[in-house]
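Ready for a few warm-up exercises on side-chain packing? Have a look at the model first, then work through the tasks below.

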Amino acid sequence: MPFPLTVEQKQTAFWLAVWAAFFFLLVTLGPVLTPFLAAAIFAYALNPGVDRLDRIRLGRRLSMPRALSVLIVVTLFFSAITALVLIVVPVLQKEIPLLQAQIPAFLAKANDLLAPKLRDLGLNVRLDSAGIKQLASEQLAASGDAIWAAVLNSARVGGTAVLGWLAAVVLVPVVLFYLLLDWHAMLARIANCVPRRYIAATMGMANEVDTLLAQYLRGQLLVMVVLAIYYSVALAIAGFDVALPVGIITGLLVFIPYLGFGLGLVLALISAVLQFADFSGLIAVAVIYGFGQVLEGFFLTPRLVGERIGLNPLAVIFALLAFGQLFGFVGVLLALPASAVLMVAFKHLRRHYLSSSFYNA
């Protein structure tokens, strides 16, 4: 005969079911919540700046209004993003037309260098512009229907993605403004939802997580600055005309895994093709960016980010791979801060386990 549940146990089961349903709803609404999640991350990072402006006195009894502080910080933040875009776009506008003019000559060089070696291996392939056009024409003729179906499907998916991105671009600044405006009141309301018996432990864990994430942000900022200086100086020593903008772009976008490095690498390769008559520019790019990846992956990120949040280098590498496998690109982006949060939870769970009767009996 089962034991009857007490009133407290029934209440616990009910509220656990409510919270489980709430989290299931959040998972179901994942695509809709993406702009709100991005705005919440930005709000957490920018709130200390808003708080500092709040403490500025405009007179003996008058301080800066919170709304004005939020407006200043949000404006500066998106102005910095706009400035970064304005650095990238002129470089692309300058290099892409030049690249289009240089591609035939570059392909002819590649054909003269590689085609004889490929023929020795039994591959009769032309790598110049005429050969590539012929190969493309043959492929299009062989699989035209399949290609058109793929193009139409990509257009549909791409159009939906573009609309989603446009909605996010419009929505994120608005959500960010209101989150920063109501940040402390919102945190107080969340704290009031925690059962009173757990409030002390919960607030202690929240303070630990906040300290770790602050250390993470400082470490990541330091990595970005070091890499921006490294790529700018290394490309300048190699003789690249666009060393400064390409180096800054690569360094500052490194917090987005693969995107910052990939964009900087593409710009550097384009510059090498345009500026150098031989393959010395491409070799220089391979050496500079190869060493930069080694420097970032095995020294800067583990030392400046991993050690600040208490993760050893192996844990940093595992976190990046595991979160990337589970959640894709967003998982890679949030791997280290999420690992810091999980580490705090694991530390408290371990402490509770070591003091439990199950362990000590």
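**Exercise 1.** In this predicted model, F78 has a relative accessibility of 24%. Work out which burial class F78 belongs to.

*Solution.* Start with the cut-offs: buried is under 20%, and exposed is over 50%. The 24% of F78 falls in between, so F78 counts as partly exposed.

**Exercise 2.** Do the sorting again for F177 and Y178.

*Solution.* Take F177 to begin with: its relative accessible area is 21%, so this residue is partly exposed. Now Y178: at 53%, Y178 counts as exposed.

**Exercise 3.** Classify the ring pair F177 and Y178.

*Solution.* Check the distance: the ring centres are 5.4 Å apart, and pairing asks for centres within 6.5 Å. Then check the angle: the planes stand at 90 degrees, so the pair is edge-to-face. Elsewhere, Y230, Y231, F261, Y289 and F291 make up one aromatic cluster.

**Exercise 4.** Find the residues that touch the most other members of the largest nonpolar core, and say where this core lies relative to domain 1 and domain 2.

*Solution.* The core has 34 residues, and the ones with the most contacts to other members are V223, L227, L235, F240, V246, I288 and Y289. Next, look at the elements: those giving two or more residues include helix 3 (66-120), helix 7 (199-237) and helix 10 (280-306). Finally, domain 1 (33-52 + 64-193) and domain 2 (194-307) both contribute residues, so the core lies between them.

**Exercise 5.** List what V223 touches, leaving out residues up to four places away in sequence.

*Solution.* Go along the chain and you get V254, L300, T301, L304 and V305. Apart from the largest core there's another one, of 15 residues, including A39, L46, V50 and L53.

Key: Residues numbered from 1 in each chain as written. Predicted model: local features only at pLDDT ≥ 70, side-chain atom pairs only at ≥ 80, totals over all residues. Heavy atoms only, no water. Core = buried A, V, L, I, M, F, W, Y, C linked by side-chain atoms within 4.5 Å. Buried < 20%, exposed > 50% of the residue type's maximum accessible area, 1.4 Å probe, protein only. Helix = DSSP H or I, 4+ residues; strand = E, 2+ residues; numbered from the N terminus. Domains from an automatic or database assignment. Contact = heavy atoms within 4.5 Å. Phe/Tyr/Trp six-rings, centres within 6.5 Å; stacked < 30°, edge-to-face > 60°.
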